[in-house]
Structures are given as C-alpha cells and as structure tokens.
Amino acid sequence: MNYGTRNRILGLLLLPAIFAMGGCAGPSQDSAPAQGSAASGGSGAPVSASSASTAVVEPTLVPGGPAGPDVPPPAAAPVVRWVPIGPIGPNDPQEGRMYLYAQGKDCDRLRDGVDGTTFKDVWRAAAAVCDALRVNTGQSWQAAATATAAVPEVPANRCLELAIVVVMRGVVDYHASNPTSAVPLQPGAGESCPRHLSGLTVVDENLNPVPGLQRPGGPRTGGTWVRLDGYYVRVSSLKIDGIDSGVETRSAGDYSPVYFKTPAATANNSFTVTISDTLDVVGAAQFFYDDSGGSSGSPTAGPSSTGGPPQPSRSGAALP
C-alpha cells in the first residue's frame, strides 16, 4: 500500500469523529435556527428537553377563583329588613294601626298618629325614618338619626314597639355607613310578636281576674272560667291533654283574649292546655283541680301557670 492510499483510508476513518466533535459545539451567536427546526419547536419536530424546561406554561386553574389565591371572594350583598308581620289587626289599639302604617311606609299617617300612642318617641322615629327613605336628603337623614337616638328603652312586653325600634336603628345605621348608597330594603322576616301560650288565669263570670291562688285551679266538678294568656290571633282549636276539648269558649274576636270553661275532672288532678291558631302557637299551660278553694262551680283565681307577670297580647299590651 502506497502513502497516498494510506492517507485516504485514515481520512475516511477520522470523518465520523470530526462530525461528532462538531455536533458538541452549540450554534454560533450569529446563527438562528431554521424555521420548523427542532430547536424552534416548529411543527413536524418534537421540542427538545432544554427548550421545554424554559417554556412559559399557563395554569389551567387559579386557586381561589379568577381574582387569584390571595384575594377573598366578594362579600354577600347587605340586606336591611323592613318591618315584619305583627301580627296585628284593624281592631287593635292605635299602636296596631301605627304598625300597619309603618309596614306600608305611610309616612303621613305615621306622623299624624303619634299623639294617640303610648310610646310616642318610637313612632316619631318611625315617621322620621320613613320620611328620610322617601325624600333622601341630608336634612331628613339627620332628623331620622336624631329621632332614633331619642327613643328610650322599651319594655320587654311591647313587642310591636321593640320591632319598630330595631328596624329604624338598622336603617339609620346603614345610611350612616353608606351615605351615598340607597338602603337595600328587603321585606321583614318572621313575626314581631310570635304567637305563644304562656299561662292561664282564672276569672269570674264577668271575665275579671280573681286573685287568691298560687296556681290556676278550680273544683273537680268543672265550670271554672279560665283565660288563655299569651299572644294569639284566632284560636281555632283548644286541646286538653292533646285532645280537642269541645269546651265552651268566649272571645270578642280576632286578637282578643279567649276564655274557656273547664270540664269536670276524670281520674287526673290536672290537665294540660294547648291551642292551635292560624299559625303555629308554641307553649302549654296547666290547670289543677282543687276543691279547697270554694264551693262546686264557683270560680277561683290564680296567676299565670308560669308564675310570672301577665304576658303580652294584642299589639304587645299585657292582657287585662
């Protein structure tokens, strides 16, 4: 083999090594990858591992919603409840009528009827807040805030007035915190005077309470007149020990006290009274048979079976 032939053979053997060494060197700073090449990630070629590690990947879900993980969700829209159901009726005292005016936002009648009420400051505040909602001026809202602040403490048994005070203060407070926004009024929820039976009071034939006993009771022969104490509208059913009684009752109409005559005793020395109304009525009261209080058939008297003061009825006023 001559020298030229040997050099050609060595050159052919070294070519793969030279190409391999050239492949280890990156592209020059002046060169750009061809369109559609593997380095560019173009179509027709897979993206290399090095280019995939530096690519920007958009998340498919951001925790916490579109606003991002550190932004809390928006708060629920505020709600200010207006005057709830009483319940009251057209034959109620002036406070009942005033409550209806407040429910209907009848500002003029609210303002004109204040003098006929017991808690005048309550209804003055109601009229002032009603006017502020209607005319929506700075002066009217100042008057509403002043009238509401002037309301004294209302007794616990005046459920209508208490409901009015809570609503009026809620409206004034919302406006004070949001002076440029309309008050988001919603219909009132529930009842201001929940219907309930709280006790019994023994009365005479003229339906007047007769004091004398520590608990409501009467002779075992029956015939004792008893008043249902509490708050109710129309008693549709009076049950004794859970059974419709069929006893004689008296009442002047809706929102008026109901009286019943006790039946004769059976084997028990007492019975439990519950009532049904146009809506549910909670509570129960107990009557005791006791012949020591007087002759058969003559009424004896006692306070409410709960041992407490008379409970509210008819617009929150205590029963007579």
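**View 1. Ser237 of strand E6 faces Ser276 of strand E10 in this predicted model.**
Ser237 stands opposite Ser276, a residue of E10. The two strands here are E6, residues 237–240, and E10, residues 270–276. They run antiparallel, and four bridges join them. In a regular strand, side chains alternate between the two faces of the sheet.

**View 2. Strands E6 and E7 form a hairpin.**
E7 covers residues 243–244. Two bridges join E6 to E7, and the strands run antiparallel. Ile240 has Ile243 in E7 as its bridge partner. Two residues sit between the strands of this hairpin. Asp241 lies in the loop between E6 and E7. Its phi is positive, about 55 degrees, although Asp241 is not a glycine. Is Asp241 buried, exposed or partly exposed? Asp241 has a relative accessible area of 43%, so it counts as partly exposed.

**View 3. Helix H5 spans residues 120–135.**
H5 has 16 residues. From its first C-alpha to its last, the helix reaches 23 Å. That is close to the 22 Å expected at 1.5 Å a residue. Many names appear on its buried list, including Val122, Trp123, Val129, Cys130 and Asp131. Alanines are there too: Ala125, Ala126, Ala127, Ala128 and Ala132. What covers these buried residues? The cover includes helix H3 (94–103), helix H4 (107–112), helix H6 (138–149) and helix H7 (159–177).

**View 4. Asn136 follows helix H5.**
Asn136 is found in the loop between H5 and H6. Its phi is near 55 degrees, a positive value in a residue other than glycine. Asn136 has 52% relative accessibility, so it counts as exposed.

**View 5. Phe119 sits in the loop between H4 and H5.**
Which residues does Phe119 touch, leaving out those up to four places away in sequence? They are Glu95, Pro155, Arg158 and Glu161. Take Glu95 as one case. Phe119 and Glu95 are 24 residues apart in sequence. In space they are 8.8 Å apart, C-alpha to C-alpha.

**View 6. The largest nonpolar core has 39 residues.**
Six residues have the most contacts inside this core: Val83, Leu110, Trp123, Ile164, Met168 and Val171. The elements H3, H4, H5, H6 and H7 each give two or more residues to the core. Which element gives the largest share? H7 does, with 10 residues.

**View 7. Val83 touches residues from elsewhere in the sequence.**
Set aside the neighbours of Val83 within four places in sequence. Val83 is then in contact with Tyr99, Ala102, Gln103, Ile164, Val167, Met168 and Gly188. Another core lies apart from the one that holds Val83. This other core has 18 residues, among them Val247, Val258, Phe271 and Ala285.

**View 8. Cys107 and Cys130 form a disulfide.**
A disulfide is a covalent bond between the sulfur atoms of two cysteines. A search of the whole structure finds two disulfides. In the pair shown here, Cys107 and Cys130, the sulfur atoms are 1.9 Å apart. The pair links distant parts of the chain. Cys107 is in helix H4 and Cys130 is in helix H5, 23 residues apart. Both cysteines are buried. Why is this disulfide called left-handed? The torsion about the S-S bond of Cys107 and Cys130 is about -80 degrees, so the disulfide is left-handed.

**View 9. Cys159 and Cys193 form a disulfide.**
The sulfur atoms of Cys159 and Cys193 are 1.9 Å apart. The torsion about their S-S bond is about 100 degrees, so this disulfide is right-handed. Cys159 lies in helix H7. Cys193 lies in the loop between strand E2 (185–186) and strand E3 (196–203). The pair therefore ties together parts that are 34 residues apart in sequence. Are these two cysteines buried or exposed? Cys159 has 12% relative accessibility, so it counts as buried. Cys193 has 2% and counts as buried as well. With bonded cysteines counted along the chain, the disulfides follow the pattern 1-2, 3-4.

Notes: Residues are numbered from 1 along each chain as its sequence is written. This is a predicted model: local features need pLDDT of at least 70, side-chain atom pairs count only at pLDDT 80 or more; totals for chains, interfaces and linings use all residues. Side-chain values use heavy atoms; hydrogens and water are left out. The expected span of a helix is 1.5 Å times one less than its number of residues. Buried means under 20% relative accessible area, exposed over 50%, partly exposed in between (1.4 Å probe, protein chains only). Contact means heavy atoms within 4.5 Å. A nonpolar core is a set of buried Ala, Val, Leu, Ile, Met, Phe, Trp, Tyr and Cys residues joined through side-chain atoms within 4.5 Å. Two strands pair if DSSP finds at least two bridges between them. A disulfide is a pair of cysteine sulfur atoms within 2.5 Å.
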